[in-house]
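User: I'm new to this structure and would like a close look at just one part of it. Could you pick out a helix and walk me through how it sits among its surroundings?

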Amino acid sequence: MTADQPLHLDDLRRILRASAGEDDSVDLDREILDTPFVELGFDSLALLETVSRISREYAVTLPDEVVESCDTPRSLLDYVNRTATGV
């Protein structure tokens, strides 16, 4: 991920699956951008792992508080990409 190559939804889907596994009842391949993480079956612990993986894989510093402020994939993607680009 760089300023001209942000974190995309497919990247986030991959990280979500790796962080918390995938419940067979949750379809991460459908339109999930505005679906709350809770409805997708991801609790705060799984989101902390997701944020940690994003930080490591993409060399971007993300505070743990991002878990509380980002409740959907869209809000997390926006936050990560704004942080990475300094906007």
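**A close look at helix α4**

Analyst: Let's begin with the length of α4: it has 13 residues, which at 1.5 Å a residue should span 18 Å, and its end C-alpha atoms are indeed 18 Å apart, so the two agree. Keep in mind that this is a predicted model, so everything here is computed from it.

Now, which residues of α4 are buried? They are Pro73, Leu76, Leu77, Val80 and Asn81. These residues cover an arc of only 120 degrees around the axis, so they sit on the same side of α4. What does that side pack against? The buried residues of α4 pack against α1, α2 and α3. Just after α4 comes Gly86, which takes a positive phi of about 75 degrees.

To place α4 in the whole, step back for a moment. The protein has 4 helices and 0 strands, and read along the sequence it follows the pattern α-α-α-α. Of its 87 residues, 37% count as buried. Looking at contacts with a separation of 6 or more, 58% come from residues 24 or more positions apart.

Next, the core. The largest nonpolar core has 25 residues, and Leu76 is listed with Phe42 and Ile54 as having the most contacts inside it. At least two residues of this core come from each of α1 (9–20), α2 (44–58), α3 (66–69) and α4 (73–85). The largest share, 5 residues, comes from α2. As general background, nonpolar side chains tend to be buried together in soluble globular proteins.

Ile54 is a good residue to follow from here. Which residues does Ile54 contact, leaving aside its neighbours within four places in sequence? The list is Leu7, Leu12, Ile15, Ala59, Val60, Leu62, Leu76 and Val80. Two of those names, Leu76 and Val80, are already familiar from the buried residues of α4.

Leu76 also turns up beside another residue, Thr50, whose place is in helix α2. Is Thr50 buried or exposed? Thr50 is buried, because its relative accessible area is 0%, and the cut-off for buried is under 20%. Not counting residues up to four places away in sequence, Thr50 touches Leu12, Ile15, Leu16, Ser19 and Leu76. Take Ser19 from that list: Thr50 and Ser19 are 31 residues apart in sequence, yet 5.5 Å apart in space, C-alpha to C-alpha. The side chain of Thr50 also has a polar atom that lies 2.9 Å from the backbone oxygen of Ala46.

Finally, let's look at charged pairs in α1 and α2, two of the helices that the buried residues of α4 pack against. A search of the whole structure finds 6 salt bridges. One of them joins Arg13 and Asp10, with the closest N and O atoms 3.0 Å apart. Arg13 and Asp10 are 3 residues apart in helix α1, so about one helical turn separates them. How buried or exposed are the two partners? Arg13 is buried, with a relative accessible area of 10%, whereas Asp10 is exposed, with a relative accessible area of 55%.

Another salt bridge is formed by Glu57 and Arg14, whose closest N and O atoms are 3.0 Å apart. This pair links distant parts of the chain, since Glu57 is in helix α2 and Arg14 is in helix α1, 43 residues apart. Both count as partly exposed: Glu57 at 41% relative accessibility and Arg14 at 38%.

Within α2 there is also a salt bridge between Arg53 and Glu49, again with closest N and O atoms 3.0 Å apart. Arg53 and Glu49 are 4 residues apart in helix α2, so about one helical turn separates them. Arg53 is partly exposed, with a relative accessible area of 23%, and Glu49 counts as partly exposed at 27% relative accessibility. Salt bridges that share partners join Glu49, Arg53 and Arg56 into one network.

To come back to your helix: the buried residues of α4 lie on the same side and pack against α1, α2 and α3. Among them is Leu76, which is listed with the residues that have the most contacts inside the largest nonpolar core and touches both Ile54 and Thr50.

Key: Residues numbered from 1 in each chain as written. Predicted model: local features only at pLDDT ≥ 70, side-chain atom pairs only at ≥ 80, totals over all residues. Heavy atoms only, no water. Core = buried A, V, L, I, M, F, W, Y, C linked by side-chain atoms within 4.5 Å. Buried < 20%, exposed > 50% of the residue type's maximum accessible area, 1.4 Å probe, protein only. Contact = heavy atoms within 4.5 Å. Polar contact = N/O pair within 3.5 Å; in protein donor to acceptor, adjacent residues only side chain to side chain. Expected span 1.5 Å × (residues − 1). Arc of directions from axis to C-beta. Salt bridge = Lys/Arg side-chain N within 4 Å of Asp/Glu carboxyl O.
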